[in-house]
Protein chains: 2
Amino acid sequence: MISFYPGPSKIEPLVKDFMQDAMDSQLIEYNHRSPQFMEMMKSCVEVVKEKLNIPKNYTVLFASSATECWEISSQSFDANFVHIYNGAFGKKWASYNEQINKTVTHFSYSPQKRIGISKIKVNKAQKNIFCLTNCETSNTTKVHSKTIQKIRSRFPKSLIFVDATSAMSGVNINWLSADFWYASVQKCFGLPAGLSVMVCSPRLIKEMKQEDYHYNSLHSIYNNSLKLQTTHTPNILNIYLLKRVMENRPPISKVHDHLRKRGNRLIKELIRLGFTPLIGNSQLQSNTVIGVKCDPDELKQIKEEAVEKGILLGNGYGPWKHNSFRIANFPAHSDDDFEHLITFLKSFKKGDKS
Amino acid sequence: MISFYPGPSKIEPLVKDFMQDAMDSQLIEYNHRSPQFMEMMKSCVEVVKEKLNIPKNYTVLFASSATECWEISSQSFDANFVHIYNGAFGKKWASYNEQINKTVTHFSYSPQKRIGISKIKVNKAQKNIFCLTNCETSNTTKVHSKTIQKIRSRFPKSLIFVDATSAMSGVNINWLSADFWYASVQKCFGLPAGLSVMVCSPRLIKEMKQEDYHYNSLHSIYNNSLKLQTTHTPNILNIYLLKRVMENRPPISKVHDHLRKRGNRLIKELIRLGFTPLIGNSQLQSNTVIGVKCDPDELKQIKEEAVEKGILLGNGYGPWKHNSFRIANFPAHSDDDFEHLITFLKSFKKGDKS
């Protein structure tokens, strides 16, 4: 079965060997205060920075899930959080910040439109943090890197936080355009769930609360990382697998181009076959998760027939649950996986007409 | 190399095969909202309860580390936390609770003595929660199950929380004597780090705060678990490995007896060879982690020679860092591992004298 679910999704096939190496090398039996672990974490951070082209003065940190990154970012900053979103995950993040007693300003916009930056009005006298969702997995839109850069230019004094969950390591991110990027590893990293990656600007580190109240206060996590330590026993296996997977990845610019071309080809084929993409404007369409409209009767049929052909299509999400499906276009998927998918879609539509 | 480090420690050798099964079955590629994951988590909880003899009306929940369990338990209850400890981890837990603005009462006692229960005075008009460390990994003492029961009897209206980190699945716990037991899986469960297990009494569930502010509020975790759901994408691989490891384990009463006998034999051999256990009173000595006094010069030598023989001894901790070593006696260790260790200790002492 090839999983095109947008996370947890297909795992990099090499992970099977890497797991054996983890056991054989006994690296995962070493204490997290040991030189063996410290050296491994150091190499992992280095290769993540190298392959994803992360600026040298940015910091890479780990947590256990993207959801935990909501908690970490919320408790580590006092500010008005300006959430700009067009879908379920962006909205959930805003609600999360509200729940833990933060001041939150909501700017929601249509998934079919660009962010109207000129309409964003905030009280510049207060400290604002802008929160964006790079790829909104629920409705398969992206925020274009130029848009993030424009927000940066318009509000130069504000920090920008970006949920990069279905983007990091699949999209060539312009890191300098924001201060806090986070993602879980079960999306574009092609790994088992249970780890998240945070990429932090020097300004973020400077402006975070200087408090260690929580084990996952950013200040604690950062200060520990300077000594190659963690605030608790981390998911050592996943840090090891991350290192191995990234060592085997081409540079992000190549990965990005490859996924973009493959995504575009898929969309063209879908349209040619009579499907309608969920997102009409290709400038707003995520490269890594693609939504496809589908009427409810056909939806049940296509998902069932796909399973028979060894293909797991992702369910639609929220309002699109019963009238769309989603296709993950992640680095762990091979071009053969996509040929197999397109062949299936063709035969499905052919059967449909006959 | 056989790791006798008290966690991360030796991993159950079968885990290597189970990891391959996880990849081959593709279970870890399924979404955590899928029936496949839900069914697997259900079986995992069932087998944990069965093998550890956990009462049917107790609830098993997951988090990502024992440290996270400090956060979870602290934020989910309003009370005066009465911390009774004799070592570094018990004290750290108390400090953690203090940091996040809880009222904390400290009762510290000597590692060489029993808890003086009659000396524990609390304001019974306020809500008190007693916090104990079942096995204090830092100094290798245990709190006897009868002691926990006595505290229960003396303060029947109070909840009791127990850090069971180096005990759960190695010690036959009397679950009814406390309300919240937690442990990470890299100790007695013999698994890679990145998951923790919480065992909750019905009264705990009744008395927890009915709030969902944090993704790891106990109320959220519990309510999600009723629907076989999680508050975020969890460490699916580790939940799967936990299920497989527990399916292969004998009942806890057998495991407990086996470790107790093996620990006692080791201590006898150590004494016979001229070593001195860190804890003089065998009633206070943990069965799962054993500390051994050692003068600083000999310590360096024994650790180095052990490594040459493929044995990793655990470092001492805190005040005992430079004058002791620790030996984990976990279920993942085989009797052959212990024969190998004892043979080494004998040859070391022989070489010492010659």
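**Pocket, interface and cavities of the two-chain model**

The second largest pocket has a volume of about 1200 Å³. Here a pocket is an open set of points on a 1 Å grid over the protein atoms alone, with protein on both sides within 12 Å along at least five of seven lines; its volume is the space filled by probe spheres set on the points, which are joined across faces, edges and corners. Lining residues, those with an atom within 4 Å of a point, number 49 for this pocket, and the closest to its centre are His32(A), Arg33(A), Phe89(B), Lys92(B) and Tyr317(B). Chain A gives two or more residues to the lining from each of helix H2 (35–52) and helix H7 (218–226), while chain B does so from helices H3 (66–75), H4 (88–99) and H10 (296–308) and from strand E9 (180–184). These elements are DSSP runs numbered from the N terminus (helices: H or I, at least four residues; strands: E, at least two). H4(B) supplies the largest share, 5 residues.

The model is predicted, so local features need pLDDT of at least 70 and side-chain atom pairs count only at pLDDT 80 or more, whereas totals for chains, interfaces and linings use all residues. Residues are numbered from 1 along each chain as its sequence is written, chains are lettered from A in the order in which they are written, and side-chain values use heavy atoms, leaving out hydrogens and water.

Now to the interface. In chain A, 47 residues are in contact (heavy atoms within 4.5 Å) with 47 residues of chain B. The buried area, meaning the accessible area (1.4 Å probe) that the two parts lose on being put together, summed over both, is about 4100 Å², and carbon and sulfur atoms give 57% of it. On the side of chain A, Met23(A), Glu29(A) and Tyr215(A) lose the most area, together 15% of what that side buries.

Across this interface there are 2 salt bridges, each a side-chain nitrogen of Lys or Arg within 4 Å of a carboxyl oxygen of Asp or Glu. Lys16(B) and Asp24(A) meet in a salt bridge at 2.6 Å, N to O. On the side of chain A that touches chain B, helices H1 (15–25), H3 (66–75), H4 (88–99) and H8 (236–247) each give two or more residues, and H1(A) provides the largest share, 6 residues.

Finally, the model holds 6 cavities of 30 Å³ or more, a cavity being a set of points where a 1.4 Å probe fits but cannot get out. The largest cavity has a volume of about 50 Å³, and its lining includes Tyr109(B), Arg114(B), His144(B) and Leu284(B).
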